[in-house]
Amino acid sequence: MSTNNNIINTLRATLLIIFMLPSIGYSQAVYKLNEVDKAAEPFVGLPALFEYFNNNLQIPIASAAKGLNGRVFVQGIVELDGSMSEVKVVRALEPGADAEALRLFKLYKAWRPALKDGKAVRQEVIYPMIVRTEPVATYNDDEKTIIEYFDKKHEPTVDESTYKFRNLIPVDEYGHARADVLYQEFKGKNWKTQKTIPFTKEEQWTKLISDTGLDSVKSFRSMATDSDFDSSYEVVTRQENGQLLAFQVYRNRMGPPVFSKYYYRNGLLKEVQEVGEEVAITNWYENGMLQEKKILGKGGLKIMENWSKDGTALVTAGNGMAKISGNSEAGKQVAEEGKVVDGYKDGTWVSTGPDGTVLKEELYDKGKFVSGKIRKGTELVAFEEQSQTAGYKGGPTELYKFLGKNLNFGSYNLPANDKVIVTFIVATDGSLDDIKIEKSISALIDKEVLRVVNLSNGNWEPAIINGEKARVRYTLPINVQSK
C-alpha cells in the first residue's frame, strides 16, 4: 500500500509541476511605460515596424473600398522572447482594418523587450497602425463585383449618361478575380457581353523553404487572362486556408512579373520584387524583422542593407559584413557571409549549411567572381570556371512533356512538317525574359507557342558561369505538323 501511495504522490507532484510550467513565463510583473528604464521597441525602430505594416497589409475590399484614412491603436504586452501577448484593439477604426491590425501585431515577433535595473522585463505597450486606402467607387458590395464604366471612346467615366462599355470583374474578399471577367457593350436597353476573359484556378503543391526546413503546401493558383499578349494581369497563389503564398503582376504575357510578393506559410511577407530600370528586392525574416535590401541591375547584385534576425545592422549603405540567405541545402536555408564594399561582394565569401558545414568558398573583387572552392563529398575542390547551361527543370524529357500537354493548335491550318523557333533569356532566378519568335509559321501558331513558353515561366534552371548564375539566351525549336 505504501508503494502505491508513493506512486500516487509522485504523480501528483509531477502533474503539479506540469500545470505550473506554462504560467512561469507570464507570471512576471507587467510594467507600464513610466516604470521601465528603457521602453520596449521594434528591433530597428518605428520605421521598420511601419514598413512591415505597409507591406503586409491585407484589408478586405469591402472595407478598403470605403476609403480608409486613420489609425487602429493596439495594446499588448511585449514579452521577453520578442513576441506580443494579450493583443487587443483599444481604439478602433473599422472592423476589417481592426482585424488586420490584430493579425499583424500577433505575428510580429521582432520586439526588443523593455529594461529595468539592467534586466529584460515585460511591458505593456500601445502602438498605432496607420491605414490608408483609396476609395473604390466601382466596387459593388452586393454583387461582390468591380464594375468599370467607359464612354464610346473607351475612356473611364462616372457619368451614367455616357456609359457605353463596362468591365464586370467578380472579386473575392480581397479584391482579386474569382470568376470570368466580362467586357460588355450597352446596346438598346441591355448590356451585351462582347468578350469573356476566362478565370482559371489550379490546384498545386508549393515548396516552401523556411528556418525549419523544406515543406510542401497544397495551394491554388488563380488568374483571369486571355490570349491578348498586351493585356496586364495578376496571378494569385493561396493556401487552402486562404493565406497568400504569392502575388504577381504581369504587364503583358511576354515577360516576367513587374511586381511580386512571396509569403511564408504563417502569412507574413518574405520577399518583394519591384521591376524598373533595376530590380529592387526586399526580404524579411519569419518574425517580421527586415532582413535585407538588394538591387539587381546591369552591374550585378548589390547588397545595400542587411540585418541579423535580432536586429543588428550588418550592412549599411552598401558597406559592412553581410550574412544573407543563399541557396537551399536539403530544403534548409544556407547562409552566405562576407564583406560588402559599395554594395558588391568583396574578398572571401563563405557559404555554410544548416549544420555549419562549409559548402563553398568564393573570392570576389568588387562584385566580380575570381575563384572558388566547392564541396564535393568531404573535400572543397577548387574551381575557376564552373559552368552549367540553362535548362528546363527535369531536363529535355520533362520540357517536351510540358509542351505536349499544353500546346493546343485547335483548328489552325497546320503545315505538313515545320517548326517554330522561339528564343528567350533565362534570368538568374529562372524566370524568362525577352521572349521572341525567331522563325515564324503563322501569327496564330506563333501566339500559341508564345503563350505556352510564357506558361513555363518559373520552371527553368539558370545557367551558371564561373560559379555564378548568369542571364543567357536559350533557343527552343518546336515541331509543328498536321496529324
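**Exercise 1. In what order do the 5 strands of the open sheet that includes strand 9 stand, and which strands are at its edges?**

Solution. Start with the order. In this predicted model, the sheet runs 8-9-10-11-12 and is open. Its pairing is antiparallel. Next, count partners. Strand 8 (139-140) and strand 12 (190-197) each have a single partner strand, so one side of each lacks a neighbour in the sheet. These two strands are therefore the edges.

Now look inside the sheet. Strand 9 (residues 145-150) pairs with strand 10 (residues 165-170) over 6 bridges, in the antiparallel sense. One position to locate is Glu-148, which stands opposite Asn-167 in strand 10.

**Exercise 2. Describe how helix 2 and helix 4 pack, and name the residues that meet.**

Solution. Two values come first. Two packed helices are described by the angle between their axes and the distance between the axes. For helix 2 (residues 46-56) and helix 4 (residues 95-107), the angle is about 125° and the axes lie 11 Å apart.

Classify the angle. Values over 145 degrees count as roughly antiparallel, and 65 to 115 as roughly perpendicular. The packing angle of about 125° is in neither range, so helix 2 and helix 4 are oblique to each other. Their crossing is right-handed.

List the contact. Helix 2 brings Tyr-52, Phe-53 and Asn-56. Helix 4 brings Glu-100, Arg-103, Leu-104, Phe-105 and Leu-107. By class, this contact holds 5 nonpolar, 1 polar and 2 charged residues.

**Exercise 3. Which strands stand at the edges of the open sheet 31-30-35?**

Solution. Read the order: 3 strands, antiparallel pairing. Strand 31 (432-439) and strand 35 (472-480) each have a single partner strand, so each has one side without a neighbour in the sheet. Those are the edges. Neighbouring strands here are turned by 25° against each other on average, direction ignored.

Then check one pairing. Strand 30 (residues 418-426) and strand 35 are joined by 9 bridges in the antiparallel sense. Val-422 has Leu-476 in strand 35 as its bridge partner.

**Exercise 4. Which residues take a positive phi in the hairpins on either side of strand 22?**

Solution. Take the hairpin with strand 21 to begin. Strand 21 (residues 300-307) pairs with strand 22 (residues 313-316) over 2 bridges, antiparallel. Asn-306 has Val-315 as its bridge partner. This hairpin has 5 residues between the strands, and Gly-311 takes a positive phi near 95°.

Move on to strand 23 (residues 319-325). Strand 22 pairs with strand 23 over 2 bridges, again antiparallel. Here Thr-316 is bridged to Asn-319. The hairpin has 2 residues between its strands, and Ala-317 in the turn has a positive phi of about 50°.

Conventions:
Residues numbered from 1 in each chain as written. Predicted model: local features only at pLDDT ≥ 70, side-chain atom pairs only at ≥ 80, totals over all residues. Heavy atoms only, no water. Pairing = 2+ DSSP bridges. Helix = DSSP H or I, 4+ residues; strand = E, 2+ residues; numbered from the N terminus. Axes fitted to C-alpha atoms, helices over the stretch in contact; angles between N-to-C directions. Parallel < 35°, antiparallel > 145°, perpendicular 65-115°, else oblique. Left-handed = near helix turned anticlockwise from the far one by under 90°. Contact = heavy atoms within 4.5 Å. Nonpolar A, V, L, I, M, F, W, Y, C, P; charged D, E, K, R; others polar.
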